[in-house]
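User: Please examine the structure shown below with me. I should like to discuss confidence, packing and enclosed space in turn.

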Amino acid sequence: MTLTDTFRLSLRTVISYRLRSILIILAMSLGVAAVITLTALGDGARRFVINQFSSIGTNLLVVLPGRSETSGAFPGAVLGQTPRDLTLKDSRLLARLPQVKRYAPLNVGEAELSAANRLREVTVLGSNADLIPIRHMKLAQGSFLAHGSTNSAQIVLGAKLAQEFFPLKQAIGQRVRLGENRFLVTGILAPQGESMGFNTDEIVIIPVEQAQSLFNTTSLFRILVETKTHDAIEPAKRAILEIMKQNRDDEEDITVITQDAILATFDRILHALTLAVAGIAAISLIVAGTLVMNVMLVAVNQRTAEIGLLKAIGARAEDIRLLFFAEATWLSITGATLGFLVGHIGSFLFRQAFSQLPAWTPVWASIAGILVALITGILACILPAKKAAQLNAVHALSKK
Amino acid sequence: MIRLSGITRTFYMGKQTIHALDHIDLDIQNGEYLAIMGPSGSGKSTLLNVIGLLDRPDNGQYKLDGKLVSDLSEAEQAQIRREKIGFVFQSFHLIPRLSAAENIELPLILSGIKPNERKIRVKEALNAFDLLDRAAHKPAELSGGQRQRVAIARAMIMHPTAILADEPTGNLDQQMGKEVLALLEQLHQTGTTLIIVTHDRELGNRAHRKLVLRDGKITADKTHDIN
Ligand SMILES: Nc1ncnc2c1ncn2[C@@H]1O[C@H](COP(=O)(O)OP(=O)(O)O)[C@@H](O)[C@H]1O
Ligand SMILES: [Mg+2]
């Protein structure tokens with residue numbers, strides 16, 4: 001019997017046992033659809049996090065005061081002191097490093113903003129002009145510390161603040177009061193919304209020296225560093241640690257975090273989560289496989305006389321075995337295809353419902369879902385097919 | 001030709017031992033018309049199944065056309081069934097989801113014959129067995145006589161050397177039984193060996209050679225003159 005005829009004959013069988021076939025195909029397709037949709041959700045979450053991270057800057061390093069390694073004691077803590085501060089002087093050292101494209105010292109605090117008879121508490125970022133490109137922020141209007149003026153009393157307002165304080169007037173050129181000091185509005189941030197739990201629409205940016213005098217401090221919250229290339233991130237990290245150590249009495253009391261490292265961690269965690277979810281969904285395919293096995297065993301019983309007849313007219317045991325395998329293959333392929341479609345429709349609906357979530361099924365999950373369905377379907381047939389092939393023809397024929 | 005020597009087939013039912021075939025020696029020439037008769041349980045079906053390679057004897061030798069076939073592998077025996085033997089059963093054994101034409105086509109499919117040639121041969125068979133207008137009908141839509149005609153068409157589609165029919169008229173009324181027998185005899189006219197199991201004395205008497213079995217032994221083997 002040719003393979004074509006085997007598949008053709010078994011397709012006839014699949015079609016004529018309609019209800020039974022539909023049940024198996026449904027069970028199979030649910031499993032595949034679950035794998036495809038759930039991995040789309042898992043991977044969507046992963047991409048969502050990565051997008052959020054890259055929206056706050058690329059090739060980014062963050063320098064923090066204090067040492068945060070698990071091995072080695074916290075020097076300040078041992079002496080009962082707070083870690084040594086990070087200063088503007090430290091930040092200027094970084095400009096000399098060849099790997100560094102630009103850097104932005106950062107102070108963060110809260111202060112009262114007042115103008116035009118309005119008053120509200122705002123988050124203040126103290127930095128330099130490079131903060132804006134490093135953090136991928138955009139100015140809708142105006143400028144910040146343009147033309148090398150580093151310490152004038154300039155202020156950039158978040159989009160929402162500008163709208164709140166100067167709803168009718170042009171905000172640029174207006175004077176505002178922040179705490180005790182007066183500032184000239186020179187720029188307005190483009191609306192960006194919230195990213196990483198930080199709403200840039202409701203912040204103000206002022207020069208770092210102004211922020212330090214406002215908050216009466218000489219220390220920095222952190223320094224953001226952007227390297228020239230992606231490959232420069234690791235060398236830059238080493239160079240920063242080295243130069244800081246030289247300049248700080250040979251004491252390595254700062255921490256450099258690379259955005260890559262944070263991203264990689266999230267990536268790993270969320271990828272593992274996606275895998276776990278795929279695994280759980282795949283178990284439902286194994287359940288579908290057991291269903292196929294039971295249904296095929298029943299089929300062998302139902303068709304005993306028919307198998308006997310096929311043997312009488314010259315079918316080999318091998319032909320009978322292949323007929324049952326072909327039947328399982330049809331059911332599995334149809335189930336897998338249907339599940340593939342349903343799964344992708346499900347992911348599509350999730351993307352429609354949650355536009356932030358890029359719920360695309362990873363290719364590996366599509367392939368794995370289909371393969372697991374085919375393999376379990378066909379494995380499930382080994383026992384029934386063997387049973388059918390080994391039937392005693394005389395016995396089988398005498399059965400009604 | 002068929003040559004059985006010392007063939008035994010024994011069944012064990014609990015403590016009981018049943019000698020379904022008890023040292024059978026039998027030669028059947030190609031083109032013979034043989035009736036196997038005997039009371040129920042005498043071993044007629046078992047003998048037919050052994051001849052048709054559906055059942056393996058426990059002892060003895062079976063030579064078909066000079067070749068020892070009792071020791072062949074399962075696949076080799078299947079090939080012989082496909083090419084040299086056609087079975088006709090009392091209960092027809094048609095596949096219910098396939099049409100008359102498709103049931104007749106099955107042995108051709110099993111032999112790996114190309115679809116074009118299959119179509120031609122099935123058409124010829126439908127024509128020869130007066131089933132052309134029933135080609136697309138499922139077995140459930142056919143009368144008993146038509147079903148047995150489909151089964152006979154299926155048995156001869158490979159042009160076997162022997163047709164083995166186990167009580168082929170058992171499920172048919174007398175009129176239909178006669179028609180079916182006439183068809184089988186026509187096949188015999190074209191040179192096919194015809195072996196019929198029956199306990200209808202009248203049918204048995206039409207055969208040129210009559211074998212009587214009792215408790216697994218041949219108790220009579222009479223040949224009429226063919227005139
Ligand atoms: N599979 C079997 N298991 C046990 N006994 C069997 C089996 N097949 C046939 N027999 C016994 O062998 C004897 C011959 O059976 P069979 O050839 O079917 O007789 P017949 O066709 O002449 O009625 C009977 O006694 C029957 O009960
Ligand atoms: Mg019988």
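User: Which elements of chain A have the lowest and the highest mean pLDDT?

Analyst: This is a predicted model, in which local features need pLDDT of at least 70, side-chain atom pairs count only at pLDDT 80 or more, and totals for chains, interfaces and linings use all residues. Residues are numbered from 1 along each chain as its sequence is written, chains are lettered from A and ligands numbered from 1 in the order in which they are written, and side-chain values use heavy atoms, with hydrogens and water left out. The pLDDT is the predictor's confidence in each residue, from 0 to 100, while helices (H or I, at least four residues) and strands (E, at least two) are DSSP runs, numbered from the N terminus. Among the elements of chain A, the lowest mean, 45, belongs to helix α3 (residues 75–78) and the highest, 96, to α10(A).

User: How many contacts does the stretch 70–80 of chain A have beyond near neighbours in sequence?

Analyst: Throughout residues 70–80 of chain A the pLDDT is below 50. For the chain as a whole, the mean is 87, and 94% of residues reach 70 or more. With contact meaning heavy atoms within 4.5 Å, the count for this stretch in the model, beyond near neighbours in sequence, is seven.

User: Why is helix α3 (residues 100–110) of chain B described as largely enclosed, and which elements do its buried residues pack against?

Analyst: Buried means under 20% relative accessible area, exposed over 50%, and partly exposed in between (1.4 Å probe, protein chains only). Because ten of the eleven residues of α3(B) are buried, the helix is largely enclosed by the rest of the structure. Those buried residues include B:Asn103 and B:Glu105. They pack against α2, α4 (115–128) and α5 of chain B, together with α1, α10 and α11 of chain A.

User: Which residues are closest to the centre of the largest cavity?

Analyst: On a 1 Å grid over the protein atoms alone, a cavity is a set of points where a 1.4 Å probe fits but cannot get out, and lining residues have an atom within 4 Å of a point. Grid points are joined across faces, edges and corners, and a volume is the space filled by probe spheres set on the points. The largest cavity has a volume of about 200 Å³. Of its 16 lining residues, the closest to the centre are A:Thr13, A:Glu306, A:Leu310, A:Leu323 and B:Arg97.

User: Which element gives the most to the lining of the second largest cavity?

Analyst: This cavity has a volume of about 80 Å³. Elements that give two or more residues to its lining are α2 (74–84), β6 (85–89) and α5 (144–156) of chain B. With three residues, the largest contributor is β6(B).

Note on methods
On a 1 Å grid over the protein atoms alone, a cavity is a set of points where a 1.4 Å probe fits but cannot get out, and a pocket is an open set with protein on both sides within 12 Å along at least five of seven lines; lining residues have an atom within 4 Å of a point.
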